[in-house]
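Visitor: Hey, got a minute to walk me through this one? I'd like to start with the overall fold and then poke at a few residues.

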Amino acid sequence: MRYWLFKSEPSTWSWDDQVAKGDAGEEWDGVRNYQARNFMREMKLGDRGFFYHSQKEKSVVGVVEVCAEAHPDSTTDDHRWECVDIKAVVPVKTPVSLDMIKADPRLAEMVLVKNSRLSVQPVTEDEWQVICDIAGVET
C-alpha cells in the first residue's frame with residue numbers, strides 16, 4: 001500500500017462533501033498539473049490518503065481510500081487529464097495543521113513542507129504513521 005495527500009479548498013470540496021458520497025466515493029477531478037496527474041496514475045485500489053483542507057484551515061482532516069484507479073477525468077474532453085476516485089474512511093480526532101507538520105522535525109522532508117502548492121502528493125510510510133499518531137487515527 002502507498003500513501004498520498006489530497007488537497008482541497010473546503011469551499012469547493014470539503015471533508016463533509018466527501019463523507020456524503022459514501023462508499024461510492026467521488027472523482028478527484030479538475031487536477032491540471034502533470035505531476036499531480038502522474039501521481040494519480042501510480043495509485044492502486046486500497047491506497048490510503050490524507051484529506052487536507054487548504055487555504056485558511058490548512059489541516060489534515062480525514063483519511064480517504066482510493067476506490068477507483070486512474071481513468072479519464074469526466075470534467076474535460078482533453079484526454080491528457082485523468083483522475084482517481086476516493087472515498088472517506090475516517091475523520092481525524094485531532095486536525096493536524098500545516099504549522100504542526102512544519103514544526104515536527106520528523107516531517108521536514110514531507111512534500112507538503114517542500115512543495116505546498118501540489119494538490120496531489122505522495123506521503124512516505126513513516127510520515128503517514130507520524131501524522132496518524134498526532135491525529136489520533138488508527139489505520
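Guide: Sure, we'll go from the sheet to single residues, and keep in mind that this is a predicted model.

Visitor: Okay, what order do the strands have in the sheet?

Guide: Reading across, it goes β2-β5-β4-β3-β1-β6, an open sheet of 6 strands with mixed pairing. β2 (26-27) and β6 (120-123) are the edge strands; each has a single partner strand, so one side of each has no neighbour in the sheet.

Visitor: And β1 with β3, parallel or antiparallel?

Guide: Parallel, with 6 bridges joining them. If you want a spot to look at, Trp4 sits opposite Gly49 in β3.

Visitor: Which strands does helix α5 lie across?

Guide: Helix α5, residues 125-135, lies across β1, β3, β4, β5 and β6. Against β5 (82-97), helix α5 runs at about 45 degrees.

Visitor: Switching topic: what does UniProt list for residues 2-133?

Guide: The UniProt record, an unreviewed entry, has "domain: EVE" for that range. In the model, residues 2-133 come out as 26% helix and 36% strand, with the end C-alpha atoms 17 Å apart.

Visitor: Now Val66. Buried or exposed?

Guide: Buried: its relative accessible area is 1%, and the cut-off for buried is under 20%, so Val66 qualifies. Val66 belongs to strand β4, residues 59-72.

Visitor: What does Val66 touch, leaving out residues up to four places away in sequence?

Guide: Its contacts are Met43, Lys44, Leu45, Gly46, Asp47, Val84, Asp85 and Ile86. Take Met43: it is 23 residues from Val66 along the chain, and their C-alpha atoms are 7.3 Å apart.

Visitor: What about the loop between β3 and β4, where Gln55 is found? What's the phi of Gln55?

Guide: Phi of Gln55 is near 65 degrees, which is positive in a residue that isn't glycine. Lys58 is in the loop between β3 and β4 too, and Lys58 has a positive phi of about 45 degrees, again without being a glycine.

Visitor: How accessible is Gln55, then?

Guide: Gln55 is partly exposed, at 43% relative accessible area. Lys58 also counts as partly exposed, with 40% relative accessibility.

Visitor: Last one: where is Ser14 found?

Guide: Ser14 is in the loop between β1 (3-8) and α1 (15-20). Despite the loop position, Ser14 counts as buried at 12% relative accessibility. Beyond residues up to four places away in sequence, Ser14 touches Phe51 and His53.

Methods:
Residues are numbered from 1 along each chain as its sequence is written. This is a predicted model: local features need pLDDT of at least 70, side-chain atom pairs count only at pLDDT 80 or more; totals for chains, interfaces and linings use all residues. Side-chain values use heavy atoms; hydrogens and water are left out. Helices (H or I, at least four residues) and strands (E, at least two) are DSSP runs, numbered from the N terminus. Buried means under 20% relative accessible area, exposed over 50%, partly exposed in between (1.4 Å probe, protein chains only). Contact means heavy atoms within 4.5 Å. UniProt positions are given in the numbering used here, feature names are shortened, and annotations may be inferred rather than shown by experiment. Two strands pair if DSSP finds at least two bridges between them. Axes are lines fitted to C-alpha atoms, for helices over the stretch in contact, and angles run from 0 to 180 degrees between N-to-C directions.
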